[in-house]
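Let's take a walk through this structure together. Have the sequence and the 3D view open side by side as you read.

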Amino acid sequence: MKSIGEFIMVGRFNIAFFSVLCGFLLIANAIAKAPSNDILSGYETTKIAEHTWYIAGPLATPNVANKGFMNNPAFTITDKSVIVFDPGSSVLVGRALIKRIRQLTKNPITHVFNTHIHGDHWLGNQAFINENATVKLYAHPDMIRLAKNGEAKVWIDMMMDRTEGITKETVAAIPTENLKDQHIIKIDNISVKAHLNKKAHTITDAMFEIIEDKVLITGDNAFRQRAPRLDDGSYLGNIAVMESALKLPVEVIVPGHGAVGGKTILSDYKDFISIIYNTTKQLKDEDDLEPHEIKPKVIEKMSKYKDWTGFDKALGKLIGVAALEVEANDF
Ligand SMILES: [Zn+2]
């Protein structure tokens, strides 16, 4: 028989245990239930490595329905801080991303890394300055230069136009910290290695290797499930970047657009752009064909990619850009 003392102890233990359990259930419920009233509602926060999470953005281009949200924001929680990669196209994405981070940690958000000049990836920076005035914003030196020289305004205006004013509160928070190629930035227990390209998706690209997590944030150097835009870039440069990325000691790839996966994202995207460039080069050099004549031949070789969002619409332009690059290289 239990003594009254023992009974009270057991009773107290049960009450304590019950309170803890309720606490856990409340927290679990809060994490499962993403805030329903912001731009990220309906998009899950997904854990992709020991310290790193991401939110898979939609594949469409900016419009009223997606409110301009279309990239893959990611973050890494260190033992004391939080590091953010590409916080989206507007202050609305930035604020919603902070809410998501706050469901998981109270650590200060101290570093934001941007992959390139295209505003769908970095106009969310503003929210992080508002939350922590000492946050450091990093980018390729040419991204910072171009943003200051008018590109920031081009992207702010484009987002406003495509979303019919939904992004109107957004102002450009241009990064101030210049990245260097192969530079490792040590943040608490996490090391972020910057890989800077010459000209690939753009002339402003940085990829980020989260060394301890074996994660690579590619920015738009790699796409998945969605046709790219290469107007500002180089096929041969982008192919070379994919080849070097395939050699990195990473296991998880966060593409600029499309779901996270393994290294096949890099080889598939390398094949995507290689088929377009090589077929265009061959048919121009050997048969002197024009882009509209080249298109059906490229389509024949790309059945694997025909369901990628925007494929039909983008292909003509992609071949036109490839033809110009072929001509420039043959000159
Ligand atoms: Zn881009």
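A residue counts as buried here if 20 or more other C-beta atoms lie within 10 Å of its own. Keep in mind, too, that this is a predicted model.

With that cut-off in hand, start at strand β10, residues 206-210. This strand is mostly covered, as five of its five residues are buried. In a regular strand the side chains alternate between the two faces of the sheet. You can look at β10 one face at a time: Ala206, Phe208 and Ile210 lie on one side, while Met207 and Glu209 lie on the other, and all of these are buried.

Now for the neighbors of β10. Strands of a sheet pair through backbone hydrogen bonds, either parallel or antiparallel. Strand β9, residues 190-196, pairs with β10 in the antiparallel sense over five bridges, and within this pairing His195 has Met207 of β10 as its bridge partner. Strand β11, residues 215-223, also pairs with β10 in the antiparallel sense, over three bridges. Here Phe208 stands opposite Ile217 of β11. The hairpin of β10 and β11 has four residues between the strands, and in it Lys214 takes a positive phi near 55°.

Next, move to an open sheet of seven strands. Their order is β1-β2-β3-β4-β5-β6-β7, and the pairing is mixed. The edges are formed by β1 (45-47) and β7 (177-178), each of which pairs on one side only. At the β7 edge, β6 (residues 136-139) pairs with β7 in the parallel sense over two bridges, and Tyr138 has Glu177 of β7 as its bridge partner. Helix α2, residues 91-102, packs on this sheet and touches β1, β2, β3, β4 and β5. The direction of α2 makes about 130° with that of β5.

Finally, turn to a pair of helices, α6 (residues 264-287) and α8 (residues 311-330). How do they meet? Their axes come within 9 Å and cross at roughly 60°, so α6 and α8 are oblique to each other. The crossing in which α6 passes α8 is right-handed. On the α6 side, the contact is made by Ile276, Tyr277, Thr280, Lys281 and Lys284; α8 contributes Leu318, Ile319, Ala322, Ala323 and Val326. By character, the residues of this contact divide into seven nonpolar, one polar and two charged.

How values were computed:
Residues numbered from 1 in each chain as written. Predicted model: local features only at pLDDT ≥ 70, side-chain atom pairs only at ≥ 80, totals over all residues. Axes fitted to C-alpha atoms, helices over the stretch in contact; angles between N-to-C directions. Parallel < 35°, antiparallel > 145°, perpendicular 65-115°, else oblique. Left-handed = near helix turned anticlockwise from the far one by under 90°. Contact = placed C-beta atoms within 7 Å. Nonpolar A, V, L, I, M, F, W, Y, C, P; charged D, E, K, R; others polar. Pairing = 2+ DSSP bridges. Buried ≥ 20, exposed ≤ 12 C-beta atoms within 10 Å, placed from the backbone.
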